[in-house]
Amino acid sequence: MPDPLKGKRLNAPPAESLASIVGFPGVRLTADQADKALNAVADRLAPTRSLLGRDDFNILALSGGASGGAFGAGVLTGLSKAGTRPEFAIVTGVSTGALIAPLAFLGSAWDERLTDAYVGGHAAELLSLKGFAGGLGPSLFKGEGLEALVAPFIDEVVINAVAREHARGRRLLIATTNLDNQKATIWDMGAIAAKGGEAAVRLFRDVLVASATVPGLFPPKMFEVEAGGERYQEMHVDGGVAAPLFLMPDALLHWRNLGQRLRRGRVYVIVNTVLEPLPRSTPPGVASIMGRSFETMLRFSYRQALSLASGFCARHNLPLSVTSIPSSFDGLNLLKFDTAAMRSIFDEGERLAAANAIWASPSAEPSGWRGLFRRQPARADSDPGPTDVLD
């Protein structure tokens with residue numbers, strides 16, 4: 001099949017159509033504002049549970065952050081070492097968080113593979129200037145480097161394991177951004193894994209690569225879809241363009257009928273970048289102004305996403321715990337995949353988590369965002385306590 005990024009591509013599906021991936025119907029979540037549709041998606045993500053049950057319902061959201069994903073990987077391995085890592089009923093991932101998410105979903109037994117993926121030197125080798133595309137194509141770097149980074153760590157063994165956990169009722173969700181309709185697309189990765197076979201492995205990897213495809217740095221991913229008996233193509237890029245992090249589809253975040261489904265629920269958010277604003281003089285050059293402006297825009301988008309998550313948790317009385325890269329790493333270029341720098345971020349995340357000093361809870365004190373990201377003091381257990389944020 002010819003490369004759709006070289007020459008003419010198929011049209012995007014009509015705006016009013018409900019397109020599905022060719023050969024994989026039902027692997028993307030669609031929720032409009034109708035109660036019937038919302039109930040169907042809620043049943044898929046969080047079925048109503050018995051009042052007598054004592055099982056927890058933990059949600060983990062992993063944000064973007066490029067090489068900052070080393071922090072999230074370190075946090076998870078540190079929680080494993082401390083014996084405080086929960087089993088998560090729902091794991092969501094965006095961009096670099098999407099690459100972490102499958103191994104985070106599968107649990108502590110996969111920590112060695114997760115560690116190697118982020119501090120084994122693979123990113124520095126595969127995402128170096130050797131992969132520079134040149135010319136006037138759709139990206140600065142070739143897509144093969146990102147694909148080669150994903151493939152060894154997301155193999156058929158991983159995908160079969162995800163399928164088994166999906167069958168238990170757990171859910172792994174990844175966000176990409178559909179550039180054609182300018183919306184986030186939420187993929188049910190367990191539903192893809194459950195199909196099995198080479199096609200499932202290929203689609204699973206393609207979704208992860210698409211979610212981590214920073215526009216302009218890497219070429220977008222094209223997905224062949226069908227609607228009304230016709231074939232179309234969709235162009236997808238980094239999930240962080242539309243959703244820096246997410247807990248579940250937007251329509252459900254504003255739906256007040258989740259109720260019993262979230263009983264004994266807790267929400268954990270790992271933000272793979274520095275959030276604390278640190279004032280400093282910006283040099284007057286074009287590059288520094290553009291870079292500082294982009295950094296500021298990203299931090300505001302993450303804070304807005306966290307505000308939405310905080311409101312959701314407050315409405316449903318869910319404890320919310322948040323962590324982000326410490327401000328001591330401010331100024332680090334997260335688009336540079338230097339192994340030593342990634343190792344230092346990983347080690348700090350692991351150290352804080354192993355010491356039970358990793359989580360912060362949103363605060364209603366009039367201290368602005370600074371209070372939101374203040375970490376809790378170390379303590380003997382990992383219970384983050386109830387959130388006291390008011391929506």
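**Note on a surface patch and the salt bridges**

1. On the surface of this predicted model, the residues F294, M297 and L298 together form a nonpolar patch, whose combined accessible area comes to about 290 Å². Of these residues, L298 can be placed in helix α11, which spans residues 286-315, and L298 counts as partly exposed because its relative accessibility is 34%, a value that falls between the 20% limit for buried residues and the 50% limit for exposed ones.

2. Turning to charged pairs, a search of the whole structure finds 19 salt bridges. One of them is a contact between the side chains of R9 and D180, with an N to O distance of 3.0 Å. Because R9 lies in the segment before β1 (20-21), whereas D180 belongs to the loop between β5 (171-178) and β6 (183-188), this pair ties together parts of the structure that are 171 residues apart in sequence. As for its surroundings, D180 is partly exposed, its relative accessible area being 31%.

3. Helix α11 also contributes R299, and this residue forms a salt bridge with D330 in which the closest N and O atoms are 2.3 Å apart. Since D330 is located in the loop between β10 (320-325) and α12 (339-354), while R299 is in the helix, the pair ties together parts that are 31 residues apart in sequence. R299 counts as buried, with 8% relative accessibility, and D330 likewise counts as buried, at 17%; buried here requires a value under 20%.

4. A further salt bridge joins E348 to R351, with 2.8 Å between the closest N and O atoms. Both residues lie within helix α12, where a separation of 3 residues corresponds to about one turn of the helix. The two partners fall into separate accessibility classes, for E348 is buried, with a relative accessible area of 18%, whereas R351 counts as partly exposed at 48% relative accessibility.

5. Finally, salt bridges can be linked to one another through common residues: E87, E165, R168 and R170 are joined into one network by salt bridges that share partners. A reader going through the 19 salt bridges found in the whole structure may therefore wish to view these four residues, E87, E165, R168 and R170, as one network, with a salt bridge being counted where a side-chain nitrogen of Lys or Arg lies within 4 Å of a carboxyl oxygen of Asp or Glu.

Methods. Residues are numbered from 1 along each chain as its sequence is written. This is a predicted model: local features need pLDDT of at least 70, side-chain atom pairs count only at pLDDT 80 or more; totals for chains, interfaces and linings use all residues. Side-chain values use heavy atoms; hydrogens and water are left out. Patches are made of residues with over 30% relative accessible area and no salt bridge: like charges are joined within 9 Å, nonpolar side chains (Val, Leu, Ile, Met, Phe, Trp, Tyr) within 5 Å. Accessible areas come from the Shrake-Rupley method with a 1.4 Å probe; for residues, only the protein chains shown count as cover. Helices (H or I, at least four residues) and strands (E, at least two) are DSSP runs, numbered from the N terminus. Buried means under 20% relative accessible area, exposed over 50%, partly exposed in between (1.4 Å probe, protein chains only).
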